[in-house]
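Trainee: Could you walk me through this one? I'd like to know how each label is earned.

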Amino acid sequence: MLEIIKLLRLDKPTGIFLLFWPCAWGLAIGSSSTNDRNLFYYYLILFFLGSIFMRSAGCVYNDIIDRNIDAKVLRTKSRPIAIGSISTTSGWVIILLLICASLIILFQFNLNSIIFGLSSGLLVIAYPFMKRITYWPQLFLGFAFNWGVILGWLVLENTFSLIPILLYASAIIWTVGYDTIYGAQDIKDDLKIGVKSTSIKFEKKMKLFLSACYAISSFLLLLTLTLLSANFITYILALLSGFILFAQVLLYDDKNNKKNSKLFALNNYYGLSIFLTLLLAINHG
């Protein structure tokens, strides 16, 4: 059982919430179209369960694809598939079960949401190969990990709009920033293996790069609030939430991986704070 927990990363729930918050953001900005709060909370629960299933499936899939790489990286060399305590065949079976559970949730939504949700599979499949061919795998992770922004909007609005697209773009750049901090833990091993990342590309200008990512993400968030006709207090809350991001820039230490791992985890609080900010923008804009 312990090996399954490690395989699914249930002992490290940060990734679950980082997948869930963009979904919650999408639901928040789409909630103006319904006065049924029970429906909103029902969808919120479904998205949380879906985040658990899809993040777990993604972890198993990545471990299968990266099993030879993981065995050479200090942080990942003890993963179950890398050490052979769980076979790749068992891994594929677990993925299938998790995808089935995810599909049951997805089919609770409208047709546009179902089609859009299914299309994210292409990004998920491609993601683990990106670090082999580009220094920007974090950007591809951003596209895949934040699909829920638009999906959450579609579930309630059932049509596309500039508002969720702007918020999606903000979330993508946010992900590039925090996953660059996360990837910095593996720079030495990744260089030996020959895989790429923004952590390696911007190793010498890390704080400048992180500042640029978080500034652009914050700007796009403020544009989203403008389209939502948010009030002054909402802008203040969004700016205060930005301190969580820029604290990561100030406190980043390329010689302290343990500290940087904690900085990465701070993004859960950012995700929560933006969710509450967006709810305020919708209800009191």
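**A pocket and some helix pairs**

Mentor: Let's start with the second largest pocket, which has a volume of about 340 Å³ (the space filled by probe spheres set on the grid points). It is lined by 15 residues, and those closest to its centre are Ala184, Gln185, Lys188, Asp254 and Asn257. Keep in mind that this is a predicted model, where local features need pLDDT of at least 70, side-chain atom pairs count only at pLDDT 80 or more, and totals for chains, interfaces and linings use all residues. Residues are numbered from 1 along each chain as its sequence is written, and side-chain values use heavy atoms, leaving out hydrogens and water.

Trainee: What makes a residue part of the lining of the second largest pocket?

Mentor: A lining residue has an atom within 4 Å of a pocket point, and a pocket is an open set of points on a 1 Å grid where a 1.4 Å probe fits, with protein on both sides within 12 Å along at least five of seven lines. Helix α11 (residues 187–193) gives the most to this lining, with 3 residues. The helices are DSSP runs (H or I, at least four residues).

Trainee: How do the lining residues of that pocket divide by class?

Mentor: There are 4 nonpolar, 3 polar and 8 charged ones. Asp, Glu, Lys and Arg count as charged, Ala, Val, Leu, Ile, Met, Phe, Trp, Tyr, Cys and Pro as nonpolar, and the others as polar.

Trainee: Why is α10 called roughly antiparallel to α13?

Mentor: The axes of α10 (residues 162–183) and α13 (residues 206–227) come within 8 Å and cross at roughly 160 degrees. Angles run from 0 to 180 degrees between N-to-C directions, and over 145 counts as roughly antiparallel, so α10 and α13 get that label. Their contact has 20 nonpolar, 5 polar and no charged residues.

Trainee: What about α2 and α3, and why are they roughly antiparallel?

Mentor: The axes of α2 (residues 14–30) and α3 (residues 37–65) come within 9 Å and cross at roughly 150 degrees. That angle therefore makes α2 roughly antiparallel to α3. By class, their contact holds 15 nonpolar, 2 polar and 1 charged residues.

Trainee: Which residues make the contact of α3 with α9?

Mentor: The axes of α3 and α9 (residues 147–157) come within 12 Å and cross at roughly 145 degrees. Phe40, Tyr43 and Phe47 of α3 are in contact (heavy atoms within 4.5 Å) with Leu151, Gly152, Val155 and Leu156 of α9.

Methods. Helix = DSSP H or I, 4+ residues; strand = E, 2+ residues; numbered from the N terminus. Parallel < 35°, antiparallel > 145°, perpendicular 65-115°, else oblique.
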